[in-house]
Amino acid sequence: IDSVLILACGTSYYSGCTAKFWLESIAGISTQVEIASEYRYRDSVPNPRTLVVTLSQSGETADTMAALKHARNLGMTHTLTICNVATSSMVRESAMAYITRAGVEIGVASTKAFTTQLAALFLLTLAIAQVRQRVSPQQEAEHLRAMRHLPLALQAVLALEPQVIAWAQDFARQQNALFLGRGMHYPIALEGALKLKEISYIHAEGYAAGELKHGPIALIDEDTPVVVVAPHDGLFEKTLSNMQEVAARGGKIILISDAAGIAAAGNVAHRTITAPACDPFVAPLVYSIPIQLLAYYTAVLKGTD
Ligand code: M6R
């Protein structure tokens, strides 16, 4: 294969968007991520040397299934599904399947399905990187060490629950919210907005932090909380300048970062959540937890179904 095409909907689409960063920067393979309901109805240029990856919790989402069949009809037969349900149609229809084994998603909100999809996609990235000789054995061992550290990092982030509950108390009174992120954390911001909308019925939008000044900044006032997902990585300084723009408009920033990021932000944020320090590549898994908890506790406090 010389490229990857990821097809998915909703939260699964956002895990694909995160994986694009890994696949292109670690495995050096050109990657496209498409919303399945768009891909299936548009003309596209097929490449038979593409690995078509469908992502789905249920394995039954009609648009994703149709997109998979569409890709196959266009001559792309290398198909892999990353799916949570071993007996699903998508598993049956794909040449290869990776079962995430997250357990049953009971509620409408996809949560553990999302984090396990990310874990699967990170492993896929390493597998492709290995075959393409893009990682040395040492680099691969380093990435695997970062993954093995995840259970500890996720335990630490789950311990932030009391802080998230306090934060949700403010949120439950809001009508609108913005979520900002850059790079791998842009899809995490989109996911934060989707989760909040989906279960607490608060209008929320996710934006790439650098896009804010191109229009959406007009929405900022003191009644619009702005959640910024920004570990202290190579993009942090850029995001900090976006936070300063928000603060200058009276916007209330809730910053989710690590200790170094919180210190670097000074007093620009109204509220902070300190996530554990972790490897920058696996950080999206860790940062998705506080935003899932925020949506959950906001919904609980609002009494939504
Ligand atoms: O089962 P799937 O992953 O294919 O479902 C795709 C979307 O419908 C799903 O992720 C949806 O966006 C979630 N309910 C969001 O929490």
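Helices α7 and α12 cross in a right-handed sense. In this predicted model, α7 covers residues 150–158 and α12 covers residues 283–302, and their axes come within 9 Å and cross at roughly 25°. Angles under 35 degrees count as roughly parallel, so α7 is roughly parallel to α12. If you would like to find the contact on screen, look in α7 for L150, A153, L154, V157 and L158, which meet L285, V286, I289, P290 and L293 of α12. What kind of residues make up this contact of α7 with α12? Ten are nonpolar, with no polar and no charged residues.

Stay with α12 for a moment, and bring in another helix. Helix α5, residues 112–131, packs against α12 at an angle of about 175°, and the two axes are 10 Å apart. Since angles over 145 degrees count as roughly antiparallel, that makes α5 roughly antiparallel to α12. On the α5 side the contact is made by F114, T115, L118 and A119, and on the α12 side by P284, L285, S288, I289 and Q292. By class, this contact of α5 with α12 has six nonpolar and three polar residues, and no charged ones. Notice that L285 and I289 of α12 appear here in the contact with α5, and that L285 and I289 also meet α7.

Now follow α5 to its contact with α6. Helix α6 spans residues 137–148, and α5 and α6 pack at an angle of about 170° with their axes 11 Å apart. These two helices are therefore roughly antiparallel to each other. From α5, the residues A119, F122, L123, L126 and Q130 meet E140, H143, L144 and M147 of α6. The contact of α5 with α6 divides into six nonpolar residues, two polar and one charged. A119 is worth a second look: this α5 residue takes part in the contact with α6 and also in the contact with α12.

With the helices in place, we can turn to the empty space. Rolling a probe the size of a water molecule over the atoms shows where such space is left. The largest pocket has a volume of about 360 Å³. Its lining consists of 16 residues, and those nearest the centre of the pocket are A109, T111, I199, Q292 and Y296. The elements that give two or more residues to this lining are α9, residues 185–200, and α12. Which element gives the largest share of the lining of the largest pocket? That is α12, with six residues. By class, the lining of this pocket has nine nonpolar, four polar and three charged residues. Q292, one of the residues nearest the centre of the largest pocket, is also part of the α12 contact with α5.

The second largest pocket holds about 240 Å³ of space. Of its 17 lining residues, C9, T11, S12, Q57 and S110 are the closest to its centre. Helix α1 (10–25), strand β3 (50–56) and helix α9 each supply at least two residues of this lining. Here the lining divides into four nonpolar, ten polar and three charged residues.

Finally, there is a cavity to find. The count comes to one cavity of 30 Å³ or more, and the largest cavity has a volume of about 50 Å³. Its lining is made of R182, H185, V229, A230, P231, D233, L235, F236 and T239. By class, five of these lining residues are nonpolar, two are polar and two are charged.

Definitions and conventions
Residues are numbered from 1 along each chain as its sequence is written. This is a predicted model: local features need pLDDT of at least 70, side-chain atom pairs count only at pLDDT 80 or more; totals for chains, interfaces and linings use all residues. Side-chain values use heavy atoms; hydrogens and water are left out. On a 1 Å grid over the protein atoms alone, a cavity is a set of points where a 1.4 Å probe fits but cannot get out, and a pocket is an open set with protein on both sides within 12 Å along at least five of seven lines; lining residues have an atom within 4 Å of a point. Grid points are joined across faces, edges and corners, and a volume is the space filled by probe spheres set on the points. Ala, Val, Leu, Ile, Met, Phe, Trp, Tyr, Cys and Pro count as nonpolar, Asp, Glu, Lys and Arg as charged, and the others, Gly among them, as polar. Axes are lines fitted to C-alpha atoms, for helices over the stretch in contact, and angles run from 0 to 180 degrees between N-to-C directions. Helices (H or I, at least four residues) and strands (E, at least two) are DSSP runs, numbered from the N terminus. Angles under 35 degrees count as roughly parallel, over 145 as roughly antiparallel, 65 to 115 as roughly perpendicular and the rest as oblique. A crossing is left-handed if the near helix is turned anticlockwise from the far one by less than a right angle, and right-handed if clockwise. Contact means heavy atoms within 4.5 Å.
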